[in-house]
Every structure is written in C-alpha cells, then in structure tokens.
Amino acid sequence: MPPIISVSAVRKTYKSGFVALDSIDLAIERQEIFALLGPNGAGKTTLISIICSTVSMSSGQVLVDGHDIVRDYRTARALIGLVPQEISLDIFATVWNTVSFSRGLFGCRPDPAYIERLLRDLSLWDKRDQRVIELSGGMKRRVMIAKALSHEPKILFLDEPTAGVDVNLRRDMWTLVRNLRDKGVTIILTTHYIDEAEEMADRIGVISKGRILLVEETAALVRKLGRRQLTLVLQHPLVAIPGELAPWKLVLEQEGQVLTYGFDANAEDNGIPALLRRMSELGIDFKDLDTSRSSLEDIFVSLVEPAS
C-alpha cells in the first residue's frame, strides 16, 4: 500500500535567497505516529505548512493519499487536519459553535452526534456552551484539536502540540493521540520534547538546516545509534586515571569517586571484561556498577550538532 503522504524533492527558497527546505524526500505511512524533530529554524513548520498547502513550495511534489496538493488542492486539503503552534480561535464563540463551524468550512454536512463524540473524547463536553475566552490554555489547545478533527480527516498534523502545557495535560494529549491512531488517523507531530517523541512515535525524522538527516523507527534508532555507559563507583577515589587504562578512554568524575566508560552496545567486544581485569590487576576496586543506555536526546544532539 502506498504511503499516505509522499514528499518528493521539495525545495523552498525565499526571495531573500534563504533556503528553508533543500530537496526533501519523505514518505509517511498510513496510521502511524511520525515525529519530526529538529532545532528552531530547522524547517519543521515550513515542511508541514507546505504539505497542508498554507505555504507554497518552490519546486517538488507532494501527494496526500495519492492527490497532488497543487493540482487537486481541495481533495488533498480535506484529508488533513492541522493544529498549528499558535492558538487561533474566535475567543467569543462557544466551543460547540467553533467546532461545528469548522466542519461546515470543509463542506461537511452537520453531524451533532459526531461533534458530541469528539468533544467527549477531548474532555470538552462539559465546556461545550462556554466561550473560548473563558477556557484555560490547555482547554483552548483541546478546542484547536477538536476544530482540526471536525471534518473527520485521515491525517492530523500537530505542530508543537504540548508546548506550554503542564505535564499532566501532556500525558492526556499522548493518550488522545494514541486513541486517534487506533481509530485510523495518521499523526504527524513536531516537538521539542525528546521524551514525547520517544514515548509516542512509531518513527522519527530528524531535520536540520532544511535537510532530512535521518528517518528511522524509534526503537531501531535508539538500538542502532545508541551507546551504553558503564558507571563504576570506586572503593577508593583516584587522583587521576592510570596510563594503563588509557585505551578505554575513561572519564573520572565526582572528585575521583566514579569512573565512566562509554561503549557500543552492539559491538561483539565491548571491552568491559578486559577493563575489569585490568583494573583488578592494578588494584582498583569498585563497590558498585551500573549500565545505562543513551537516550534519544543524546542521539539527536549527536546528529544535529555536526550539521549545525
């Protein structure tokens, strides 16, 4: 089955000559949660805006469920729901009217039963008769999502969906996104929260300076690029690392009480047995050890920094 979104050689150059996107190729599969990570100015929002037809591309092609976003704009756009970073709502309208009106903009027939289910799913049913101005920031963001889903799109774009909301609401949002995916909606989100991508996304794309650096399944990315760290709490602190241990490139921390060793988790010989033997020979004893895995944040920084 072809991807629900296909981006081919998309380029965006502004009149100033600034290249916001440089030959982007990207395929997003049906009913997946795809996270697009990148620093500020990397091109995340520009790419989303082009797919959603709110920004024009300089060259390239985008297909949404097989529909060209230029030649078949209306059909392609009707398949998409967009929740932008900035909250943009009629603050004097009620929640019910806001969502119902948005449905009508896409030419959909009124469906009060669907709107009710949507508001209940988003914990907005009790707020349906309240004006937007009376809602908290978190509730306004929920209204934005309801508005984006009002016309029953197959695809939902969330641009920094949990920016500025508290931890509890962030976790509620995660649950909502998973439920939407289970109902057949494809989710594409941009985020600055590495834990959000690691927790939610089936696949992750990393973008920097308008180029896609990598697209990979989340678990495979951590497994393939992740490193592990061995931490040894010493019985007696060291003033310096003995020269005999130089091959392991150890780091001495916490006033000489802790030695750390980074190693490739996938390597056949990770060097740990030889390290421990050499330490024993040198009379360096430890009272505790622990291993930890690199986080997605470590991987993200290692990918983006060389390209910065």
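Which element gives the most to the lining of the largest pocket? Helix H6 does, with six residues. This is a predicted model, in which local features need pLDDT of at least 70 and side-chain atom pairs count only at pLDDT 80 or more, while totals for chains, interfaces and linings use all residues. Residues are numbered from 1 along each chain as its sequence is written, and side-chain values use heavy atoms, with hydrogens and water left out.

**Largest pocket**
- The largest pocket (an open set of points on a 1 Å grid over the protein atoms alone where a 1.4 Å probe fits, with protein on both sides within 12 Å along at least five of seven lines) holds about 400 Å³ of space, a volume being the space filled by probe spheres set on the points.
- Its lining (residues with an atom within 4 Å of a point) has 19 residues, and Leu118, Asp121, Leu149, Leu180 and Lys183 are the closest to the centre.
- Two or more lining residues come from each of H4 (112-121), H5 (137-149) and H6 (167-182), helices being DSSP runs of H or I with at least four residues and strands runs of E with at least two.
- By class, nine of the lining residues are nonpolar, three polar and seven charged.

**Second largest pocket**
- About 250 Å³ of space lies here.
- Of the 15 lining residues, Arg77, Leu82, Pro84, Ser102 and Lys147 are the closest to the centre.
- Strand S6 (80-83), helix H3 (95-105) and H5 each give two or more residues to this lining, and S6 gives the most, with four.
- This lining has eight nonpolar, five polar and two charged residues.

Conventions. Nonpolar A, V, L, I, M, F, W, Y, C, P; charged D, E, K, R; others polar.
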